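Welcome! Here are some short exercises, each with a worked solution, to help you find your way around a new structure. Keep the 3D view open as you go.

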Amino acid sequence: MTATEPTITNDWNERITLAQKMIPLLGQLRRDSDVVTSIFGRLLKNPTETDIIKSHRYARRITSQELPLTQTLPILEELVTMDLGTASIDLGALATQFEEEGGDLRAFLDRELSPVIGSDAKRPQSDVVLYGFGRIGRLLARILLARESNNSGPRLRAIVVRKKGDIDIDKRASLLRRDSVHGPFDGTITVDHDKEIIWANGTPIQMIYANNPAEIDYTSYGIDNAIVVDNTGVWRDRDGLSQHLQANGVAKVLLTAPGKGDLKNIVYGINHKDITADDTILSAASCTTNGITPVLKVVNDKWGVEHGHVETVHSFTNDQNLIDNFHKGTRRGRAATLNMVLTETGAAKAVSKALPEFEGKLTGNAIRVPTPDVSMAVLNLTLENEVERDEVNDYLRQVSLVSNLRQQIDYIHSPEVVSTDFVGSTHAGVVDGLATIAKGKHLVLYVWYDNEFGYSNQVIRIVEEIAGARPMILPLRKELNEM
């Protein structure tokens with residue numbers, strides 16, 4: 001096949017027919033080759049016909065025109081005949097590049113996908129234990145279950161909680177099944193009461209009831225060399241989290257909160273390469289630190305940041321009171337659903353743990369607001385060099401599309417979006433281009449972030465990194481210094 005002029009049909013039924021042809025091919029790639037696909041970073045995960053059509057329309061943000069299904073379908077038809085190893089393949093990027101180059105499609109794909117052709121190596125298996133099962137824990141479970149494939153990569157084996165009555169396991173299963181913010185679980189959930197197991201999409205998840213980490217023998221459940229993801233926030237320093245390592249069957253510990261002391265705070269995409277085999281305890285930093293650090297890095301690399309202030313407008317969290325009552329924290333005792341609550345945030349200072357060049361450059365505060373999810377960070381920056389609004393927006397848009405930070409930074413340019421439009425975003429942060437303010441060396445950026453789901457995706461990326469199971473993203477993306 002050779003490149004042709006793009007043909008975009010306006011016939012809805014024809015689009016549905018093309019999308020229907022794609023669905024079994026996408027499933028075959030996932031099952032047989034452990035290959036996940038996307039359209040310019042939008043995952044095609046168990047998509048409907050409409051999902052596929054919408055993802056192709058999304059391409060207008062990148063290429064200024066809709067991506068025809070007639071361009072991506074032939075690529076999929078070739079991919080299922082190729083001997084591919086584990087990878088994350090962007091069909092939109094491949095289709096656009098092939099349209100520009102032309103030539104023979106198979107030869108083009110052989111070249112662009114050469115790093116994984118003929119590779120029969122699967123992602124190494126690793127056991128994952130969730131210690132705690134709150135807002136973040138349940139989303140981590142959903143993501144892990146959605147990514148399980150061909151017995152490769154991280155797999156959720158157990159959940160550890162304190163037992164709260166005889167119906168505890170039923171309550172936990174119900175909270176996994178239904179979520180007021182993120183909707184129903186995509187699949188089936190059943191409970192084996194005798195063995196205290198939650199079955200989710202055919203995966204057995206052992207419920208373990210314990211009051212402290214060190215008392216658990218994971219090997220008695222067939223779990224070994226496990227990565228324990230502590231999402232309780234009870235312990236945040238090395239001494240406290242080391243209790244997990246005293247349990248039989250634990251190899252690594254990852255904290256889903258800012259780590260104290262000498263713990264490495266990892267923001268995936270920024271400093272994940274600092275992780276070494278000797279690191280047994282790591283922190284995934286905070287949702288806000290993950291939301292702002294990638295954007296701060298690219299701005300600093302391009303124009304230099306002298307100093308700045310970060311103001312976060314943050315959804316209320318579980319540690320606040322629904323109605324006025326005693327709370328050890330300043331102001332947090334007032335009703336979360338009725339008030340804007342001014343409070344402190346350590347996220348601005350925590351940036352320097354991932355980006356040392358920001359040490360002492362940032363201040364920060366937070367305003368908790370009466371929404372259950374999605375937050376915003378306002379970055380008020382003084383730069384070393386002068387900038388113009390369009391220059392900044394164009395650069396950040398390109399970073400979100402073609403750089404190696406495309407999974408961390410997204411960009412939107414719409415006059416109608418509000419916070420609920422970002423529920424379910426897999427990115428660490430989304431730059432709102434219409435809100436950008438630039439004058440001389442003064443720059444103000446507005447960054448949305450799903451402080452639950454976007455952050456949870458960053459955590460899973462670290463889990464995969466620790467396990468040596470991150471799929472290669474193809475076609476290869478540009479480094480920031482190449483842009």
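**Exercise 1. The whole chain**

How much area does the protein chain expose, and what share of it do carbon and sulfur atoms supply?

*Solution.* Bear in mind that this is a predicted model.
- Step 1: the exposed area of the protein chain is about 21,400 Å².
- Step 2: carbon and sulfur atoms supply 48% of that area.
- Step 3: turning from the surface to the interior, 53% of the 483 residues count as buried.

**Exercise 2. Overall build**

Work out whether the chain is as compact as a globular protein of its length.

*Solution.*
- Step 1: take stock of the parts, which are 13 helices and 20 strands.
- Step 2: compare the radius of gyration, 23 Å, with the 23 Å that the globule rule gives for 483 residues; the two are close, so the chain is as compact as a globular protein of that length.
- Step 3: add the dimensions, since the C-alpha trace spans about 65 × 60 × 45 Å along its principal axes.
- Step 4: look at the contacts with a separation of 6 or more, of which 73% join residues 24 or more positions apart.

**Exercise 3. A sheet and its helices**

Trace the open sheet of eight strands from one edge to the other.

*Solution.*
- Step 1: follow the order β6-β7-β8-β5-β4-β9-β10-β11, in which the pairing is mixed.
- Step 2: mark the edges, β6 (189-192) and β11 (281-283), each of which pairs on one side only.
- Step 3: note the twist, which averages 25° from one strand to the next.
- Step 4: zoom in on β5 (residues 154-161) and β8 (residues 203-209), a parallel pair with four bridges. In one of the sheet's bridges, I159 has M207 of β8 as its partner.
- Step 5: add helix α8 (residues 168-177), which packs on the sheet and touches β5, β6, β7 and β8. The direction of α8 makes about 170° with that of β6.
- Step 6: add helix α7 (residues 135-147), which lies across β4, β5, β7, β8 and β9 and runs at about 160° to β4.

**Exercise 4. One serine**

Is S55 buried or exposed?

*Solution.*
- Step 1: locate S55 in helix α2 (residues 49-58).
- Step 2: check its relative accessible area, which is 7%; buried means under 20%, so S55 is buried.
- Step 3: find its contacts, which include I39 and L44 once residues up to four places away in sequence are set aside.
- Step 4: look for a polar partner: a polar atom of the S55 side chain lies 2.7 Å from the backbone oxygen of I52.

Methods: Residues numbered from 1 in each chain as written. Predicted model: local features only at pLDDT ≥ 70, side-chain atom pairs only at ≥ 80, totals over all residues. Heavy atoms only, no water. Pairing = 2+ DSSP bridges. Helix = DSSP H or I, 4+ residues; strand = E, 2+ residues; numbered from the N terminus. Axes fitted to C-alpha atoms, helices over the stretch in contact; angles between N-to-C directions. Contact = heavy atoms within 4.5 Å. Buried < 20%, exposed > 50% of the residue type's maximum accessible area, 1.4 Å probe, protein only. Polar contact = N/O pair within 3.5 Å; in protein donor to acceptor, adjacent residues only side chain to side chain. Rg over C-alpha atoms; globule rule 2.2 N^0.38 Å. Areas by Shrake-Rupley, 256 points an atom, 1.4 Å probe, with all protein chains shown as cover.
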